[in-house]
Amino acid sequence: MLFVCKGCGKKYRLKTDAAPANLDRLRCRQCGEGVRQVKETNAGELFFFDRDKALHGFAMDNIIVFSNQKGGVAKTTTCLNLGLSLALLKKKVLLIDFDGQANLSLSLGYQDRNSFFEIVDTRVKDFSSHIIATRYTGLYLLPSNMNMALLNKRYLSRQFFEFLLRDRLNQLGESFDYILIDTPPSIEFFTMNALTAAQMAIIPCQCEFLATHGVTKIKKLIEQIQAKTNPGLTFRILITMFDANETASQVVYEKLQQLYPGKLFTTLIGRDSKIKEAQILSLPAIVYDRESTAARQHILLAKEILDSMPTALSSEQNTDKQSPIIAG
Ligand SMILES: Nc1ncnc2c1ncn2[C@@H]1O[C@H](COP(=O)(O)OP(=O)(O)OP(=O)(O)O)[C@@H](O)[C@H]1O
Ligand SMILES: [Mg+2]
């Protein structure tokens, strides 16, 4: 019987067919989190277009994943607004909605479109027809849909499952300047695949009670990924929903700076009601109110990213990049 840790994804096999009565009390030896039982699929090897390449190299530079096991810390909001900011700065950006909740897709007005599940399920090599050219110049989306939940069920227990996304991104080549991946507030298939494919993890973090605990947890996971599947992975912390008038915000911010010197973005994303207003209209905050604090801060963040992760080509050259996209 196979169990997987809810914290770090480590797998355990118990030699019994009966679920232990005290399952709730089982803890991972590696990180101390609880475990859950997963169904063993035993359906043979996973299909890769180029397994060696997937296992041993980056898909491409400039793949960024937004990850934090804590929910509601602005992973999706940052992915959307940073993506659009980079596009406004003339970069070609692909957003990947890698969360079954599909909040990113819904924020852009897309529902029930093909997702990474269909790409894997149909073994399609050229999946450009699954990528949507959004109404915003330079911004593209690989949506999520309800089928995404099946990926967890079907593949989590299989060998090399963490490399599926990297293998498929390898098929895209150098079509985009930046690929931004939104993940759910849990580990398992999506976060493990995204962290394995990415060059940098951005950890959005609210300055509130237990924030440092949450960062410690995700940092531990990143270290495991570095050791196991992606040695080149780096991470940065992004403060979100910051309130300069709140003492707690200031205290936690200073604590994070002490704990992770050089790891925090200089740009802080403040709490701004325009973000919620924009969401109601299915608009990115930057489009809803270009002069809002949220819009200006996300542009600043994009510039910070451009400085730390420059693209190989200038923006003028990038406009010539061959687009593999069929508009949807
Ligand atoms: N800077 C901000 N100011 C005000 N509200 C914000 C800000 N950023 C995000 N929010 C709000 O916080 C909520 C959570 O944001 P979001 O959905 O991006 O978090 P998440 O980390 O992706 O959540 P989940 O873990 O469920 O995927 C949303 O209602 C969003 O509108
Ligand atoms: Mg989200």
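Two strands count as paired when DSSP finds at least two bridges between them. With that in hand, Val93 of this predicted model can be placed: it stands opposite Leu139 in β7. On the β8 side, Val93 stands opposite Tyr178. A little further along, Ile96 faces Leu142, again in β7.

These residue pairs belong to two strand pairings. Strand β5 (residues 93-97) runs parallel to strand β7 (residues 139-142), and the two are joined over four bridges. The pairing of β5 with β8 is also in the parallel sense, this time over five bridges. Zooming out, the strands sit in an open sheet of seven, ordered β6-β7-β5-β8-β4-β9-β10, and the pairing across the sheet is mixed. At the margins are β6 (132-133) and β10 (234-240), edge strands that each pair on one side only. Helix α2 packs on this sheet and touches β4 (63-66), β5, β7, β8 (178-182), β9 (200-206) and β10. The direction of α2 makes about 165° with that of β8.

How much of β5 is covered? Mostly everything: five of its five residues are buried. Both faces are accounted for, with Val93, Leu95 and Asp97 buried on one side and Leu94 and Ile96 buried on the other.

Now for the helices. Two packed helices are described by the angle between their axes and the distance between the axes. For helix α6 (residues 164-172) and helix α7 (residues 188-197), the angle is about 50° and the axes are 7 Å apart. Angles under 35 degrees would count as roughly parallel and 65 to 115 as roughly perpendicular, so α6 and α7 come out as oblique to each other. From α6, the contact draws on Leu164, Leu165, Arg166 and Leu169, which meet Asn193, Ala194, Thr196 and Ala197 in α7. Sorted by class, this contact has five nonpolar, two polar and one charged residues.

Helix α6 has further partners. Its buried residues are Leu164, Leu165, Arg166, Asp167, Arg168 and Leu169, and they pack against α1 (51-56), α4 (116-121), α5 (148-155) and β8 as well as α7. Just past the end of α6, Gly173 takes a positive phi of about 70°.

Then there's the ligand. Around ligand 1 there are 21 residues, of which Gly71, Lys75, Thr76, Thr77 and Pro185 come nearest. Two elements give two or more residues to this shell, namely α2 (75-88) and α10 (273-280). By class, the shell has eight nonpolar, eight polar and five charged residues. Helix α2 thus turns up in two places in this account: it contributes to the shell around ligand 1, and it packs on the sheet.

As for the protein overall, it has 13 helices and ten strands. Of its 328 residues, 41% count as buried. Contacts are mostly between distant parts of the chain: among those joining residues at least 6 apart in sequence, 77% link residues at least 24 apart.

Key: Residues are numbered from 1 along each chain as its sequence is written. Chains are lettered from A and ligands numbered from 1 in the order in which they are written. This is a predicted model: local features need pLDDT of at least 70, side-chain atom pairs count only at pLDDT 80 or more; totals for chains, interfaces and linings use all residues. A residue is near a molecule or strand if its C-beta atom, placed from the backbone, lies within 6 Å of it. Ala, Val, Leu, Ile, Met, Phe, Trp, Tyr, Cys and Pro count as nonpolar, Asp, Glu, Lys and Arg as charged, and the others, Gly among them, as polar. Axes are lines fitted to C-alpha atoms, for helices over the stretch in contact, and angles run from 0 to 180 degrees between N-to-C directions. Angles under 35 degrees count as roughly parallel, over 145 as roughly antiparallel, 65 to 115 as roughly perpendicular and the rest as oblique. Two residues are in contact if their C-beta atoms, placed from the backbone, lie within 7 Å. A residue is buried if 20 or more other C-beta atoms lie within 10 Å of its own, exposed if 12 or fewer, and partly exposed in between; C-beta atoms are placed from the backbone.
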